[in-house]
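Me: I would like to learn how to read burial, strand pairing and salt bridges from a model, taking one feature at a time. Could we work through an example together?

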Amino acid sequence: MKIWRRLLPNTLKIRLILAYITLLMVPLCFAIFYLFQHFESIRQKDMMDQMSERMQQVHVSLTDMMAFAYKANIMLSQDESLIQIMDDPEKYDPFDRKKVIESKMFGINNSFFFHQTELYFRFIDRKGNVYTSYAPNGQLTNRLKELQDWRNALQSGSHPYRWTADDWNDVNGSQGSKLLSLYTILDDQLRGNYGLARISINIQEWFRSTLKDSPANKDLTIFSGQGEIVLQSKETAFSSVMMQRIMSAQAKEGHFEDERASSLVNYSYLEELDWYVVSQMPLSELQQEIQRLRLIAFLFLSILVIAFVLVTIFLSARMTGPLYVLERSMEEASDKKLNVKITIGKGATDEVRSLGESFNRMIDDVVVLINKLKLEERQKQAVRFQMLLSQMNPHFLLNTLNTVKWMARKEKQEAIAGICTSLGSILEASLGSDIELVSLKEEIKLLRSYESIQSFRFRDHFTIQYEMDESVHYALVPKLSLQPLVENSIVHGFDEAKGCCAIWVRAKAEGNSLILEVEDNGVGMEVASRRPVRRSGHGIGLSNLRERLQLLFKREGSIEFISSAEGTLVRIQLPLLIATPYSQEGEGGHVDGFASGR
């Protein structure tokens, strides 16, 4: 952790940059990476769908070519004039016969003028005469044996026709050495078999025409069910492993990803020809497109990161600059240089301006407070000096009381001596200004001294009953706190017509609080307030007591007055502070509760 703190200072600027990178840039990079992975799979699926669509078009185109050959065969078998010539060719002049049949072939080709590849017709009548719609490579000779061989082959098959995928190409000037040919026996219900028809398609011309509409990066291959390549758009070797995989699938169509060739493969099977049409798309094309998009995206992301980092540094500098000034100013203020002030620039933000103004106000308040404390200190010193001067008179009064007490005892006036003793105890306690808290036991002792003086004055017109828990005898209470309450009950609460009145003084603990109660059965506070004031200084004792409680205990000390027609109850609540005195004799050579360690 210390090494990290040395490498990365614990400053607001560094934290902002780290927070930006951690909370924004890292999730954004992960999101972009996930989106590219998702896009790549979608793009690959889209390319596969395009290849499947293209394969379907190739399949349909080849199927249409075969369908046109079937239609041409049907048209020939329904042409009565053609049937008559081929059924009995000797009735017609050879030249006229050839001219009529070639015109029939030409008419059929014209009916398919919109087709992309021309059909090549070759007929053999029952006499072995050969008719073609094209100029042959060699001389046309009698093909009666060929007619008989095809008749036997087709009659032994399940269909009266047969497709030959690798038929020899005898078309003069035509490219390629192979033709896709449909062989069928021409027959009629009345005449029987009257000839052989061969309808051929130059498969290489069709293949070149098909490749014109295909993308340049696609490799189109056609191979037979025996594993022989029929047509191929490129001269690259077609993997035998891929052939076996396609043939072993035994499916009409399908696609897969070839990891060895790093390409997408889509294939379709043509059952009538036992051909597989295969299209390949190299994955490098897809990867190049993805890499180009990824490069653009990450370049944009890098520019965005740099821009945001610069903006973050600028904003953090605008934010931390005033904070550094404030920090230096506070350090100077801590060195008791209270003449420090922060200068707020015009371009400062509202927060920085408010912070600077608050600091300047704080310095002004501290200066005012220090001056006020100095003034109060001087005033306290003056008051203390006056108190030292004023203590001369109470001491003189205390010495005078002692003289009167001894004179009363000499004259055997015990009552006067007792009053002097009680008054001396109260006066002595009031002179000890350094002691604010005394034990409850000591406070009750002072209260009894006050009671003895008032009993002599009022001639047993009141009684005081004490109800004290032993557990709170040494609880600390403000000195002379009960005396003004009892005095208030005696002076203001009693009605002389009622005779002897009672006062109860109680003390108990409730949880962590000490409860002091002074209750009387007098006339109550409402009636007493309507009486004329008997002497000056009315209420000073109670207000003095309330202020003392506030100064000593803050919110933990409280005084409550409960008055009714049957009397008044004053309840004081203080924190329970027990101060048990030390043992005077001691045992075991140490103070109780302390054990010396070795």
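Reply: Let us begin with the vocabulary of accessibility: a residue counts as buried under 20% relative accessible area, as exposed over 50%, and as partly exposed in between. Please keep in mind throughout that this is a predicted model. As a case, Glu560 has a relative accessible area of 39%, and is therefore partly exposed.

Me: With which residue does Glu560 meet in a salt bridge?

Reply: The general idea is to look for a side-chain nitrogen of Lys or Arg within 4 Å of a carboxyl oxygen of Asp or Glu. Here the partner of Glu560 is Arg571, with 3.5 Å from N to O. Because Arg571 belongs to strand E17 (residues 567–575) and Glu560 to strand E16 (residues 558–564), the pair ties together parts that are 11 residues apart in sequence. Both residues also belong to one network, in which salt bridges that share partners join them with Glu467, Arg506, Glu517 and Glu519.

Me: How many salt bridges does the structure hold, and is the Arg122 of one such pair buried or exposed?

Reply: The structure holds 16 salt bridges. In the one between Arg122 and Glu146, the closest N and O atoms are 3.1 Å apart, and the pair links distant parts of the chain, since Arg122 is in strand E1 and Glu146 in helix H5 (residues 144–155), 24 residues apart. Arg122 is buried, as is Glu146.

Me: To which strand is E1 joined by seven bridges, and in what direction do the two run?

Reply: Strand E1 (residues 119–125) is joined by seven bridges to strand E5 (residues 192–201), and the two run antiparallel; within E5, Leu196 is the residue that stands opposite Ile124. Both strands belong to an open sheet of five strands, whose order is E2-E1-E5-E4-E3 and whose pairing is antiparallel. Its edge strands, each pairing on one side only, are E2 (130–132) and E3 (161–168).

Me: Which residues of helix H7 are buried, and why do they lie on the same side?

Reply: An α-helix has 3.6 residues a turn, so residues three or four places apart point the same way. In helix H7 (residues 240–249), the buried residues are Met242, Met243, Ile246 and Met247; they lie on the same side of H7 because they cover an arc of only 125° around the axis. Gln244 and Ser248, on the other side of H7, are exposed. The cover over the buried residues of H7 includes strands E6 (219–224), E7 (229–232), E8 (253–258), E9 (263–270) and E10 (275–282).

Terms used
Residues are numbered from 1 along each chain as its sequence is written. This is a predicted model: local features need pLDDT of at least 70, side-chain atom pairs count only at pLDDT 80 or more; totals for chains, interfaces and linings use all residues. Side-chain values use heavy atoms; hydrogens and water are left out. Buried means under 20% relative accessible area, exposed over 50%, partly exposed in between (1.4 Å probe, protein chains only). Helices (H or I, at least four residues) and strands (E, at least two) are DSSP runs, numbered from the N terminus. The arc is that of the directions from the helix axis to the C-beta atoms. Contact means heavy atoms within 4.5 Å. Two strands pair if DSSP finds at least two bridges between them.
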